[in-house]
Amino acid sequence: MIFTRFTSPLGEILLCAEPEGLCRLTLAAEGQPDPEAARRDDDALAEARDQLLAYLEGRRHGFSLPLSPGGSDFQREVWSALLRIPWGETRTYGELARRLGREGAARAIGTANGANPLPLLIPCHRVVAADGLGGYSGGLALKRRLLELEGSLPG
């Protein structure tokens, strides 16, 4: 595994990749990956860093990067659906469950969202509760900020 760390408008970001693609993005990152399992390679991850920074500056609305988030079949199904939510739009947990043919699975969708190892790249911030923002692993202030950046803050 390789990784890079960089400063962004959201604070420090840690980005990790395996040969298959990006596997982890940590916001407000502290510490380092296990040095026996990873090595720093800023050059190899420069394109990913540049795309993330362009997104956070409002100059980019999507990403063209190889992703390898791991996860269960259900999580990958949910994360794939998140990738289809366009920039500037949101979906509710219930709406996403219906689109996946899993009526009544809104909580399971929320759990899969919370397990997303690649926030921003897999836009789990675009999924909101029927009556408000819902949760976000990076905190509601960050979710609000990302939705404002995209012009899709509900209400």
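## Starting at Leu45

Let's begin in the loop between β4 (39-40) and α1, where Leu45 has its place. Keep in mind that this is a predicted model. Is Leu45 buried or exposed? Its relative accessibility is 5%, and because buried means under 20%, Leu45 counts as buried.

So who are its partners? Not counting residues up to four places away in sequence, Leu45 touches Ile2, Phe3, Thr4, Leu15, Ala17 and Leu22. You can also look across to Cys16: this residue and Leu45 are 29 residues apart along the chain, yet their C-alpha atoms are separated by 8.5 Å.

## Helix α1 and what covers it

Now move along to α1, which spans residues 46-56. Eight of its 11 residues are buried, which makes this helix mostly covered. Among the buried ones are Ala46, Ala48, Leu52 and Tyr55; Gln51 is on the buried list too.

What covers them? The cover includes the strands β1 (2-8), β2 (11-18) and β3 (21-27), along with α5 (140-149). After α1 comes Gly58, which has a positive phi, near 80°.

## The β2–β3 hairpin

Two of those strands make a neat pair to trace on screen. β2 is joined to β3 by a hairpin through two residues, and the two strands pair in the antiparallel sense over six bridges. To find one of the matched positions, look at Leu15: its bridge partner in β3 is Leu25. β3 is mostly covered as well, with five of its seven residues buried.

## The nonpolar cores

In soluble globular proteins, nonpolar side chains tend to be buried together. Here, the largest nonpolar core has 38 residues, and Leu22, Leu25, Leu82 and Leu120 have the most contacts inside it. The elements giving two or more residues to this core are β1, β2, β3, α1, α2 (73-83), α3 (93-99), α4 (106-114) and α5. Which one gives the most? That would be α1, with five residues.

Leu22 is a good one to click on. Leaving aside neighbours within four places in sequence, its contacts include Leu15, Leu45, Ala48, Leu65, Leu118 and Leu121. There is also a second, separate core of five residues, including Phe3, Leu14, Cys16 and Cys23.

## A buried arginine

Last stop: Arg91, in strand β5 (residues 91-92). With a relative accessibility of 10%, Arg91 counts as buried. Setting aside residues up to four places away in sequence, Arg91 touches Ile85, Pro86, Val127 and Val128, among others, and its contacts also include two arginines, Arg99 and Arg126.

Note on methods: Residues are numbered from 1 along each chain as its sequence is written. This is a predicted model: local features need pLDDT of at least 70, side-chain atom pairs count only at pLDDT 80 or more; totals for chains, interfaces and linings use all residues. Side-chain values use heavy atoms; hydrogens and water are left out. Buried means under 20% relative accessible area, exposed over 50%, partly exposed in between (1.4 Å probe, protein chains only). Helices (H or I, at least four residues) and strands (E, at least two) are DSSP runs, numbered from the N terminus. Contact means heavy atoms within 4.5 Å. Two strands pair if DSSP finds at least two bridges between them. A nonpolar core is a set of buried Ala, Val, Leu, Ile, Met, Phe, Trp, Tyr and Cys residues joined through side-chain atoms within 4.5 Å.
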